Amino acid sequence: SDPDQLQELHATSACLKATASSFSALAIETCRRCCGGHGYSQSSGLPRMFAWATAAQTYEGENHVMWLQGARYLIKCVGNARQGKPFPSGLQYLTKWLSSSSSLSAPVIAAPADLDSFDCLLKAFEACSARLVKQADDHIRALLSKGTAQVVAWNQSNPWLIRASQAHADYLLLFHFVSVLENEMSPGLRSVLQREVVLYALWRIEQIAGSFLETGVLTSESIKTAHKKVVGLLTSLRPEAVGLVDAFGHNDKMLRSALGCRDGDVYRRLFEWAKKAPMNQKEVTDGYYKYLKPLMQSKL
């Protein structure tokens with residue numbers, strides 16, 4: 001019933017829809033490449049999943065449009081804050097980072113050891129988001145001060161706005177991942193999920209290292225350390241990979257993949273599926289008798 005909450009819900013949903021569907025398509029394509037030629041085969045199930053995932057980046061709102069809708073709300077809230085109005089609940093983290101000039105310049109993580117700390121990682125993502133939001137707001141205001149029409153100023157600021165919206169989504173995802181760890185769970189599960197959360201944060205730092213460096217949130221040494229830690233975490237989590245994937249409960253009927261079946265009998269299943277293909281129902285295909293044999297027996 002609160003219009004302000006509806007606006008925040010819409011903006012948050014728009015940011016997260018775009019980010020989640022982009023991550024999904026990227027992850028499926030990465031899996032496909034890791035499987036080599038088998039991944040390209042329809043029997044892997046990955047081409048079908050990729051087609052579905054890439055479509056999700058367009059339907060229900062093209063992703064760049066969704067990020068821009070989220071960014072419009074971010075800029076609106078920054079403008080309200082200049083007039084003394086508080087940030088809504090989901091944007092409260094912007095208050096401390098936009099309240100002073102020192103918060104917009106100093107590195108947040110200077111010691112590489114801090115990359116293992118949830119608190120430090122959250123602060124880094126908060127600061128990166130806040131500084132990119134301010135960059136986008138400053139860019140729009142600079143254009144408006146030169147007499148640029150508002151709609152033109154917004155359109156010319158799209159690259160800054162999209163980066164700000166993406167950074168906000170990154171922060172929200174990390175915040176909620178960390179929040180899940182406050183729930184009761186076994187020590188073994190907690191250990192695995194803690195490493196997963198750190199891996200996600202450091203992977204995103206790798207992906208958008210330019211934003212963290214440009215905004216001064218991280219130093220180049222911290223970025224190098226993040227890369228080393230990602231490799232270490234992948235090694236650490238590899239024995240847990242099958243269990244983590246099985247935890248989603250996707251059954252063989254749903255996956256329709258010769259590579260992803262629960263029994264792991266990949267090559268026997270690939271061979272059995274290949275025998276069922278229409279072209280493999282005869283020892284020699286009709287095309288041989290119709291096209292190749294006459295050509296091979298002709299006198300050219």
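User: Which residues of helix H11 are buried, and which helices do the buried residues of H11 pack against?
Analyst: In this predicted model, the buried residues of H11 are Ser 222, Ile 223, Thr 225, Ala 226, Val 230, Leu 233 and Leu 237. Because they cover an arc of only 155 degrees around the axis, they fall on the same side of H11. These buried residues pack against helix H9 (187-207), helix H10 (209-214) and helix H12 (241-246).

User: Which residues are exposed on the other side of H11?
Analyst: Helix H11 runs over residues 220-237, and its 18 residues reach 26 Å from the first C-alpha to the last, close to the 26 Å expected at 1.5 Å a residue. On the side of H11 other than the buried one, the exposed residues are Lys 228 and Thr 235.

User: Is Met 296 buried or exposed, and what is the area of the nonpolar surface patch that Met 296 makes with Tyr 291 and Leu 292?
Analyst: Met 296 has its place in helix H15, residues 286-297. Since exposed means over 50% relative accessible area, Met 296 counts as exposed with its value of 60%. Together with Tyr 291 and Leu 292, Met 296 makes a nonpolar surface patch of about 370 Å².

User: Where is Glu 60, and what is its phi?
Analyst: Glu 60 is found in the loop between helix H3 (46-55) and helix H4 (63-82), and at 69% relative accessibility it counts as exposed. Although Glu 60 is a residue other than glycine, its phi is positive, with a value near 60 degrees.

Terms used. Residues are numbered from 1 along each chain as its sequence is written. This is a predicted model: local features need pLDDT of at least 70, side-chain atom pairs count only at pLDDT 80 or more; totals for chains, interfaces and linings use all residues. Side-chain values use heavy atoms; hydrogens and water are left out. Patches are made of residues with over 30% relative accessible area and no salt bridge: like charges are joined within 9 Å, nonpolar side chains (Val, Leu, Ile, Met, Phe, Trp, Tyr) within 5 Å. Accessible areas come from the Shrake-Rupley method with a 1.4 Å probe; for residues, only the protein chains shown count as cover. A salt bridge is a side-chain nitrogen of Lys or Arg within 4 Å of a carboxyl oxygen of Asp or Glu. Helices (H or I, at least four residues) and strands (E, at least two) are DSSP runs, numbered from the N terminus. Buried means under 20% relative accessible area, exposed over 50%, partly exposed in between (1.4 Å probe, protein chains only). The expected span of a helix is 1.5 Å times one less than its number of residues. The arc is that of the directions from the helix axis to the C-beta atoms. Contact means heavy atoms within 4.5 Å.
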